[in-house]
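Labels such as buried, tilted or cis are easier to trust once the value behind them has been set beside the rule. The questions and answers that follow practise that step.

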Amino acid sequence: MRSQLRFIMHPDDEAALVTELLRDPAILFVDGPRWKTVTPPTTRDISAIGSYCIIWSPEDLPRLSAEFIQAHNDWYCRDENSTIQFLRCKMTETVIVEGSFAMSTGPAEANAAANVERRYKFLCRAIKRTYRNSVVQWRNPRRPDAPAGPSRSANPSAPDRSLWVGPAAMTWMASHADRQVKTFLTGFVEGTIIEPG
């Protein structure tokens, strides 16, 4: 199974979701797909993790395998099919950059795949229960407003049905007109909150 869920999380949204996730005592976080030793450091403290978090349970897979990458002098995770990728939202004073959960369990051992899929579905249900979609409209301010054409997307876009916005992020966005979301921090395309029609 392969799937991805995109979201906008304020730190308060993330803290609430991580609290739910950590009710499972077997869950560990790993900082990024690269680390300096063959066995990665693990934690249950999300604040110790950078923007790329691996959600892993040793109950699914006792040890994460890694390959040494000579050019970078570090180890790269080779068990991504038995873990969940958590790209955390970044935030500045005026922008929240979208994040995502992703998994691809095709090559995983059957028990590990079933457990990863169960956890992933839990995260998706938790988000869809309290977050809202179809409330962000994307616009490129460097391009004229125009409907979709044969070689271009509409500017601004239709409401984004696949992006889920957390309740604290909705409140944060609504409190100042200059606040926006982006797919990456240095991108030109900006997302603003709209009310669904």
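The turns below take up a predicted model and ask how its labels are reached.

Q: What makes up the chain in terms of helices and strands, and what are its spans along the principal axes?
A: The chain has 3 helices and 15 strands, and its C-alpha trace spans about 50 × 40 × 30 Å along the principal axes. Of its 197 residues, 46% count as buried, a label that requires under 20% relative accessible area.

Q: Why is Asn-115 called buried?
A: The relative accessibility of Asn-115 is 17%, and the cut-off for buried is under 20%, so Asn-115 counts as buried. This residue is found in helix H2, and its C-alpha is 25 Å from that of Ile-8, with the two positions 107 residues apart in sequence.

Q: What makes a set of residues a nonpolar core, and which members of the largest one touch the most others?
A: The members must be buried residues of the listed nonpolar kinds, joined through side-chain atoms within 4.5 Å. The largest such core has 38 residues, and Phe-7, Met-9, Phe-29, Ile-55, Phe-101 and Ile-127 touch the most other members. Helix H2, residues 110-130, gives the largest share of this core, with 6 residues. A second, separate core has 10 residues, including Val-30, Leu-61, Leu-64 and Cys-77.

Q: Why is the pair of Phe-7 and Phe-101 called tilted?
A: The ring centres of Phe-7 and Phe-101 are 5.0 Å apart, and rings pair if their centres lie within 6.5 Å. The angle between the planes is 55°; planes under 30 degrees apart would count as stacked and over 60 as edge-to-face, so this value leaves the label tilted. Phe-7 lies in strand S1 (residues 2-8) and Phe-101 in strand S11 (residues 99-104), so the pair ties together parts that are 94 residues apart in sequence. Both of these residues are buried.

Q: How do you know that Phe-86 and Phe-101 also form a tilted pair?
A: Their ring centres are 4.7 Å apart and their planes meet at 40°, an angle that is neither under 30 nor over 60 degrees, so the pair is tilted. Phe-86 lies in strand S8 (residues 84-87) and Phe-101 in strand S11, so this pair joins parts that are 15 residues apart in sequence. Ring pairs link Phe-7, Phe-86 and Phe-101 into a cluster, and the count of aromatic pairs comes to 4.

Q: What makes the phi of Ser-134 worth pointing out, and is Ser-134 buried or exposed?
A: Most residues other than glycine have a negative phi. Ser-134 is a residue other than glycine, yet its phi is a positive value near 60°. Ser-134 has its place in the loop between H2 and S12, and its relative accessibility of 18% is set against the cut-off of under 20%, so it counts as buried. Asn-73 likewise has a positive phi, of about 55°, although it is not a glycine, and Asn-73 is found in the loop between strand S6 (66-69) and strand S7 (74-77).

Q: What is the omega of the peptide bond from Asn-155 to Pro-156, and where is Pro-156 found?
A: Most peptide bonds are trans. The bond from Asn-155 to Pro-156 is cis, with omega near 5°. Pro-156 is found in the loop between strand S12 (136-139) and strand S13 (163-165).

Note on methods:
Residues numbered from 1 in each chain as written. Predicted model: local features only at pLDDT ≥ 70, side-chain atom pairs only at ≥ 80, totals over all residues. Heavy atoms only, no water. Buried < 20%, exposed > 50% of the residue type's maximum accessible area, 1.4 Å probe, protein only. Helix = DSSP H or I, 4+ residues; strand = E, 2+ residues; numbered from the N terminus. Phe/Tyr/Trp six-rings, centres within 6.5 Å; stacked < 30°, edge-to-face > 60°.
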